[in-house]
Amino acid sequence: MSTTQTPRPAKGELPDDTGAFAWLRALGPRGRRAFGGAFGGYALDSYDFFTLPLSMVAISAYFSLSSGQTGLLTTVTLVVSAVGGVLAGILADRIGRVKALMITVITYALFTVLCGFAPNYETLLVFRALQGLGFGGEWAVGAILVAEYASAKHRGRTLGGIQSAWAVGWALAVIVYTLVFHFLDPDTAWRVMFWTGALPALLVIWVRRNVEDAPHAAEIRRSSGERGSFTAIFRSGMLRITLFATLLSTGVQGGYYTLATWVPTYLKNDRGLTVVGTGGYLTFLISGAFIGYLTGGYLTDRLGRKRNIVIFAVLSAVCILAYTNIPSGANGLVLVLGFPLGFCMSAIFSGFGSFLAELYPTAVRGTGQGFTYNTGRAVGAFFPTLVGFLAGSWGVGGALVFGAVGYGIAVLALLGLPETRGRELS
């Protein structure tokens, strides 16, 4: 790929390149506003996603669903997110990162709220699928927006910071879930959870007024004849990157969404925890996730993108096996192991934003990142459904072991991808 000069900060934006927060200072004022918009969008994206897994037991009881039907609610969200991710990526290359970001946030917020009004399972399935259109595009667009402001030296840590927003949104969802399900009847509580998904609309107003695309990258994008070209990411020189990056995303997200979807149900049904007890156990899991995102961001800059993924893929698989084979009655051990489980399965994501951004040139960065990340998410989405069908004979805990297979796939995918640490965006 061709290279261009490193984007230079505007006058008055010269960063201090030393210290623990050098990555944040290096963004400059405009970059920090972009970071805030992408962070908020991803946190609320996470919040809206987790309204379903946290409410899954209540929804299943309300509509008398089988475990397979329940798992399909998550799968259809993730499958449709592939379409949303590809469309958002193309839009990001054609109309700009910020405009595409606002469209994705409005989309996932609107359909999350509508889920709360669903009169039957079929309607809920449709609304949840449409929510996936916005859910699929937000991360890719926000990550690219910030990556184009970040320096090569700090890009892993910067995008790791964006990834940590997922844990923040997850934590907020658990807090609201604990309160709503404590004070309301389950038949009403799950609807209220979805209605609170309107929160992201407030973020769109702030983004529209305060955030802009990185000027240097926007100039390159506007002058390119291949801007937003879907076929370009499958041409000679890009085809191998696209295929292996998609396989990498499939493995990592297959493992992750298996856990994200079924751990709350596992804690309630297999471990016998109450709503408040489940929230307490998830606190350890989410705390580990938040620290894992930040630590993984640091390590991906120090060790390299590929090595960071390999380390945490192996550790995540080991944690899954340990977490789901804890003896009955040893709930204290479930609590303790929740922290390293959350840490490892999140740290592996920290290098994704920088890695995928560095694999594609500016003109098709949105298209490439949107396609690979979200197609991987869609294929990986079948993991939760498979767990749902296996749960009848294996139990949820036993079926969760299947998530470890995803991490093995991710390690194999790295054999076809180059190391990009320190690469300037082209």
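# Briefing on a helical protein model

Of the 426 residues in the protein, buried residues make up 61%. The model is a predicted one, and its secondary structure comes to 17 helices and 0 strands. Among the contacts between residues at least 6 apart in sequence, 85% join residues at least 24 apart. The points below take up helix packing and then several individual residues.

**Helix 15 and its partners**

- Two packed helices are described by the angle between their axes and by the distance between those axes.
- The axes of helix 3 and helix 15 come within 7 Å and cross at roughly 175°, and this makes helix 3 roughly antiparallel to helix 15, since an angle over 145 degrees counts as such.
- On the side of helix 3, the residues that meet helix 15 are Leu78, Val79, Ser81, Ala82, Gly85, Val86, Gly89, Ile90 and Asp93, while helix 15 brings Arg365, Gly366, Thr367, Gly370, Phe371, Asn374, Thr375, Arg377 and Ala378 to the contact.
- By class, the contact of helix 3 with helix 15 divides into 7 nonpolar, 8 polar and 3 charged residues.
- Helix 5, which spans residues 121-147, packs against helix 15, residues 365-380, at an angle of about 140°, and the two axes are 9 Å apart; the two helices are therefore oblique to each other.
- The crossing in which helix 5 passes helix 15 is right-handed.
- Phe135, Gly136, Trp139, Ala140, Ala143 and Ile144 are the helix 5 residues in this contact, and they meet Arg365, Gly366, Gln369, Gly370, Tyr373, Asn374 and Arg377 of helix 15.
- The residues of the contact between helix 5 and helix 15 comprise 6 nonpolar, 5 polar and 2 charged ones.

**Arg97, a buried arginine in helix 4**

- Arg97 belongs to helix 4, which covers residues 97-115, and with a relative accessibility of 1% it counts as buried, because the limit for that class is under 20%.
- The side chain of Arg97 reaches the backbone oxygen of Ala92 at 3.0 Å, and a polar atom of the same side chain lies 3.4 Å from the backbone oxygen of Thr362.
- Leaving out residues up to four places away in sequence, Arg97 touches Ala92, Val141, Ile144, Leu145, Glu148, Asp213, Arg221, Thr362, Arg365 and Gly366; among them, Ile144 also takes part in the contact of helix 5 with helix 15, as do Arg365 and Gly366.

**Helix 7 and what covers it**

- In helix 7, residues 186-195, the buried residues are Ala189, Trp190, Arg191, Val192, Met193 and Phe194.
- The cover over these buried residues includes helix 2, helix 4, helix 5 and helix 6, the last of these spanning residues 155-183.
- At the start of helix 7, a side-chain oxygen of Asp185 comes to within 2.9 Å of the backbone nitrogen of Asp187.

**Buried residues with partners elsewhere in the chain**

- Thr250 is found in helix 10, residues 239-270, and counts as buried at 8% relative accessibility.
- A polar atom of the Thr250 side chain lies 2.9 Å from the backbone oxygen of Thr246, and, not counting residues up to four places away in sequence, Thr250 touches Thr375, Gly376, Val379 and Gly380.
- Ile286 lies in helix 11, residues 275-303, and is buried at 6% relative accessibility.
- Although Ile286 and Val174 are 112 residues apart along the chain, their C-alpha atoms are separated by 9.4 Å; apart from neighbours within four places in sequence, Ile286 is in contact with Ala167, Trp170, Ala171 and Val174.
- Leu417 is placed in the segment after helix 17, which covers 403-413, and counts as buried at 4% relative accessibility.
- Between Leu417 and Phe244 there are 6.6 Å in space, C-alpha to C-alpha, and the two are 173 residues apart in sequence.
- With residues up to four places away in sequence set aside, Leu417 touches Ile241, Phe244, Ala245, Leu248, Lys306, Phe355 and Leu359.

**Ser64, an exposed loop residue**

- Ser64 sits in the loop between helix 2, residues 28-63, and helix 3, residues 67-95, and with a relative accessible area of 63% Ser64 is exposed.
- The phi angle of Ser64 is near 55°, which is a positive value in a residue other than glycine.

Conventions: Residues numbered from 1 in each chain as written. Predicted model: local features only at pLDDT ≥ 70, side-chain atom pairs only at ≥ 80, totals over all residues. Heavy atoms only, no water. Helix = DSSP H or I, 4+ residues; strand = E, 2+ residues; numbered from the N terminus. Buried < 20%, exposed > 50% of the residue type's maximum accessible area, 1.4 Å probe, protein only. Polar contact = N/O pair within 3.5 Å; in protein donor to acceptor, adjacent residues only side chain to side chain. Contact = heavy atoms within 4.5 Å. Axes fitted to C-alpha atoms, helices over the stretch in contact; angles between N-to-C directions. Parallel < 35°, antiparallel > 145°, perpendicular 65-115°, else oblique. Left-handed = near helix turned anticlockwise from the far one by under 90°. Nonpolar A, V, L, I, M, F, W, Y, C, P; charged D, E, K, R; others polar.
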